[in-house]
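Here are some notes for a colleague who is meeting this structure for the first time. They are meant to be read with the sequence and the 3D view at hand.

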Amino acid sequence: MGFLIRLATSAVALWVATLIVPGVEVGGRSGGRTTLTLLAVALIFGVVNAVLKPVIQVVGCVFYLLTLGLFALVVNALLFLLTDWIARQLDLPFRVDGFWPAFWGAIVVAVVSWLISVVVRDR
C-alpha cells in the first residue's frame with residue numbers, strides 16, 4: 001500500500017510541476033490518459049532516483065561536500081531530464097524543455113512530495 005501512496009504522491013507532484021513550471025508539460029487527450037501518463041512518469045522518476053541517485057551520491061561525494069549540498073540540485077535536475085528522455089523513448093507525452101525547467105521542476109516535485117508526505121502518512 002505504501003508503494004501506491006508514494007506513486008500517487010509523485011504523480012500529483014509532477015502534475016503540480018506541469019502547472020507551475022513553464023517548460024514542463026504533460027499531454028493527453030483526456031483526463032484519464034493524462035493521469036496514466038503522470039503515473040507512468042512518476043514510476044520512471046522513482047526508478048531512476050532509486051537506482052542512479054545513490055550511485056551518483058557515492059561517486060560525487062566530493063562535489064556534494066565542496067558545494068555544501070548544492071550539487072544535489074544539479075543532480076536532481078539531470079535525473080529529471082533523464083526521466084524526460086526515458087518517457088520520450090516510451091512515447092509518453094511528457095516533455096521537459098531543457099536544464100532550467102528540469103531544475104525548477106525537480107525542486108517543485110521535491111517540495112510538493114514532501115508537503116503531501118507530511119499530510120498523508122504511508123504507514
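**How α4 and α5 cross, and what surrounds them**

1. In this predicted model, a convenient place to begin is the pair α4 and α5, whose axes come within 8 Å and cross at roughly 105°. Angles of 65 to 115 degrees count as roughly perpendicular, and α4 and α5 are therefore described as roughly perpendicular to each other. On the α4 side the meeting residues are Leu73, Val74, Asn76, Ala77, Leu78, Phe80 and Leu81, and they face Phe99, Ala102, Phe103, Gly105, Ala106, Ile107 and Val109 in α5.

2. Taken alone, α4 has 19 residues, which at 1.5 Å a residue should span 27 Å, and the 27 Å between its end C-alpha atoms agrees with that expectation. Its buried residues are Val75, Asn76, Ala77, Leu79, Phe80, Thr83, Asp84 and Ala87, and what covers them includes α1, β1, α2, α3, β2 and α5. After α4 comes Asp91, which has a positive phi, near 60°.

3. Helix α1, covering residues 2–20, can be checked in the same manner: its 19 residues should span 27 Å at 1.5 Å a residue, and its end C-alpha atoms are indeed 27 Å apart. Gly2, Leu7, Thr9, Ala11, Ala13, Leu14, Val16, Ala17 and Thr18 are buried in α1, and the buried residues of this helix pack against β1 (24–26), α2 (31–59), α4 (71–89), β2 (94–96) and α5 (99–119).

4. The largest nonpolar core contains 29 residues, and within it Leu14, Phe80, Phe94 and Val109 have the most contacts. Two or more residues of this core come from each of α1, α2, α4, β2 and α5. Which residues does Phe94 touch, once those up to four places away in sequence are set aside? Phe94 touches Leu14, Thr18, Val24, Glu25, Val26, Val41, Phe80, Asp84, Ala87 and Arg88, and two of these, Leu14 and Phe80, are also named among the core residues with the most contacts.

5. The UniProt annotation "transmembrane region", which comes from an unreviewed entry, covers residues 33–52, 59–82 and 102–120. In the model, residues 33–52 are 100% helix and 0% strand, with end C-alpha atoms 28 Å apart. Residues 59–82, by contrast, are 79% helix and 0% strand, with end C-alpha atoms 18 Å apart.

6. Three individual residues are worth locating in the view. Thr34 lies in helix α2 and, at 18% relative accessibility, counts as buried, since the limit for buried is under 20%; leaving aside neighbours within four places in sequence, Thr34 is in contact with Val26, Gly27 and Gly28. Val62 lies in helix α3, residues 61–66, and is exposed, with a relative accessible area of 53%. Ser117 is found in helix α5 and is partly exposed, with a relative accessible area of 31%.

7. Two C-alpha to C-alpha distances help to relate sequence to space. Ser117 and Thr9 are 108 residues apart in sequence, yet 7.5 Å apart in space. Val62 and Ile107 are 45 residues apart in sequence and 22 Å apart in space.

Note on methods
Residues numbered from 1 in each chain as written. Predicted model: local features only at pLDDT ≥ 70, side-chain atom pairs only at ≥ 80, totals over all residues. Heavy atoms only, no water. Helix = DSSP H or I, 4+ residues; strand = E, 2+ residues; numbered from the N terminus. Expected span 1.5 Å × (residues − 1). Buried < 20%, exposed > 50% of the residue type's maximum accessible area, 1.4 Å probe, protein only. Contact = heavy atoms within 4.5 Å. Core = buried A, V, L, I, M, F, W, Y, C linked by side-chain atoms within 4.5 Å. UniProt positions renumbered as here; feature names shortened; annotations may be inferred. Axes fitted to C-alpha atoms, helices over the stretch in contact; angles between N-to-C directions. Parallel < 35°, antiparallel > 145°, perpendicular 65-115°, else oblique.
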